[in-house]
Amino acid sequence: MKAAILSFTANGRKTAGKVRKALSAEDWLVAENVKCKEEADSYEGSLKEWTGEHWKVSDVLIYVGAAGIAVRAVASFVVSKKEDPAVLVIDELGKYCIPILSGHIGGANELAEKLSQMLSMEAVITTATDLNQKWAVDIFAKKNRLYIEDMKLAKLVSADILAGKQVLAEIEPECSVIGQIPKELKFIHESDRCDSRALKIHIGICKNDVPAGSGTQVLYLIPKAVVLGIGCKKGTAAEKIEKHVTQVLEEYGIFPESVKLAASIDLKKEEPGLCTYCEKYDIPFQTFSKEELEQAEGTFTGSEFVKQTTGVDNVCERSAMCAGGKKILVHKTAHEGVTVAVAVEKWSVDFE
C-alpha cells in the first residue's frame, strides 16, 4: 500500500512524522512532504501540483492541517468512489483523524480507525451507515473483492437500509456463505421471483433474468471467479479471440468483470494474439503442458484433430479446469479458429 502525507507547519510536520512511522511499521510505502516557508526543504510546487503527483499512484493521501486545505487540494481531481484514493485530514496536533473521501471503498474510514488506535487520535466518522451501525454494501463488496456494477444502485441500497427497509438479496449456488446474514438483507433463491419489490442485490457472475416491465432494479456484486480456457490456430489475430470470447460471455450472461484469468496449452505461451488479448484486458495468462492437461478431471469434448496437433484431445476445457476451475459453465465453443470454454472457481463471501 502507498501513502502520501503533506503537512503545512512545524507542528504538523511532527504529526506527519508520527503517521509516517506508524504506516511504515505496517509495511506501507510512504512519501512525506512539508509545504512551509520556515522549513528548509519545503515542497516548492503548488498544493495542486503535489496532489496531482500523488493522486493516481497512492492508495491514500493524508493532509495534516485544516480540512479546507484538503478540500481545495482534491476538488479538481475527484472522479468517483471506484477510482478515487482515500483522503484523510489530521489536525496539526494529531488529535483528530477525519476521512473526507472514499471512506468505504477506498478504506479511509478503516484507516482512520486504525490510526486512532495506533496514535491515540479520535477518528471522526461521518458516513451514515457507520453512524447508524448498519450493513454497508460498499464495505461488504470491498472486503470480499466484489465488483460493484452500478454505484447509483449501491446508493439506493444504502438509502433503503438507512430507511429501515430490508433489501432482497440472492446468491449463485457456486458460492459458499461465511458468517451470519445481516438483518438488513432478506436472502431469496434465484428461482424465487414472486416478490415484486423494485430493488435487490445479486451476488454472482451472471446477469439475472429480470421480467420486462417489472420495475425491478438489480445491483450486481461480481466476484472474480471465472477462468477462460482458450485455444486457437497459430497466428490467430487478437481481434478474433476477443470477438469470440465476448460473444460467449454475452450469450451466457457472464460479466466480463468476473474473469480472473485465461489459460491454454504451453504451445500457446507466446502466441501473439492470445498474449495481446490478455494484456489489453489485464487478464493473467497461464499455460499447461499436455501432460498436465491430460490429468485434468472431468468430462471433456474430445477432438482427434486437436489431439494430433497438440498431443491432447481438448485444450480449452482442460486448461480452464487446470487453472482452478471447479465446474465448467460453458463447454467448448468454436468460431473462426478460436475455441473457448468457461469454468468457475469455488468462491465464497464473508459477512463477518
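Two strands count as paired if DSSP finds at least two bridges between them. In this predicted model, strands β5 and β6 meet that criterion, with 2 bridges and a parallel arrangement. One of the bridge pairs links C97 to A123 in β6. Between these two strands the chain runs through helix α4, residues 108-119, and β5, α4 and β6 together make a right-handed β-α-β unit.

This pair belongs to an open sheet of 6 strands, ordered β2-β1-β3-β4-β5-β6, with mixed pairing. The edges of the sheet are β2 (29-34) and β6 (122-123), each of which pairs on one side only.

At the β2 end, β1 and β2 are parallel and share 6 bridges. A3 has V30 as its bridge partner in β2. The connection from β1 to β2 goes through α1, and this β-α-β crossover is right-handed. On its other side, strand β1 (residues 2-7) is joined to strand β3 (residues 60-64) by 5 bridges, and the two strands run parallel. Here I5 is bridged to I62 in β3. Helix α1, residues 10-24, packs on the sheet and touches β1, β2, β3 and β4 (86-90). The direction of α1 makes about 175° with that of β2.

The antiparallel part of the sheet includes the pairing of β4 with strand β5 (residues 96-101), which extends over 4 bridges. I90 lies opposite C97 in β5. C97 is thus a link in two pairings, since a bridge needs a partner on a given strand: I90 stands opposite C97, and A123 is the partner of C97 in β6. β4 and β5 form a hairpin with 5 residues between them. In the turn, G94 has a positive phi of about 75°.

The pocket analysis turns to other elements of the chain. A general point comes first: rolling a probe the size of a water molecule over the atoms shows where empty space is left. In this model the largest pocket has a volume of about 610 Å³. Its lining consists of 20 residues, and those closest to the pocket centre are R145, L146, Y147, I222 and K224. The elements that contribute two or more residues to this lining are α6 (137-143), β7 (146-148), β12 (217-223) and β18 (347-350). By class, the lining of the largest pocket has 9 nonpolar, 2 polar and 9 charged residues.

Key: Residues are numbered from 1 along each chain as its sequence is written. This is a predicted model: local features need pLDDT of at least 70, side-chain atom pairs count only at pLDDT 80 or more; totals for chains, interfaces and linings use all residues. Side-chain values use heavy atoms; hydrogens and water are left out. Contact means heavy atoms within 4.5 Å. Axes are lines fitted to C-alpha atoms, for helices over the stretch in contact, and angles run from 0 to 180 degrees between N-to-C directions. A crossover is right-handed if, with the strands pointing away from the viewer, the path from the first strand over the helix to the second runs clockwise. On a 1 Å grid over the protein atoms alone, a cavity is a set of points where a 1.4 Å probe fits but cannot get out, and a pocket is an open set with protein on both sides within 12 Å along at least five of seven lines; lining residues have an atom within 4 Å of a point. Grid points are joined across faces, edges and corners, and a volume is the space filled by probe spheres set on the points. Ala, Val, Leu, Ile, Met, Phe, Trp, Tyr, Cys and Pro count as nonpolar, Asp, Glu, Lys and Arg as charged, and the others, Gly among them, as polar.
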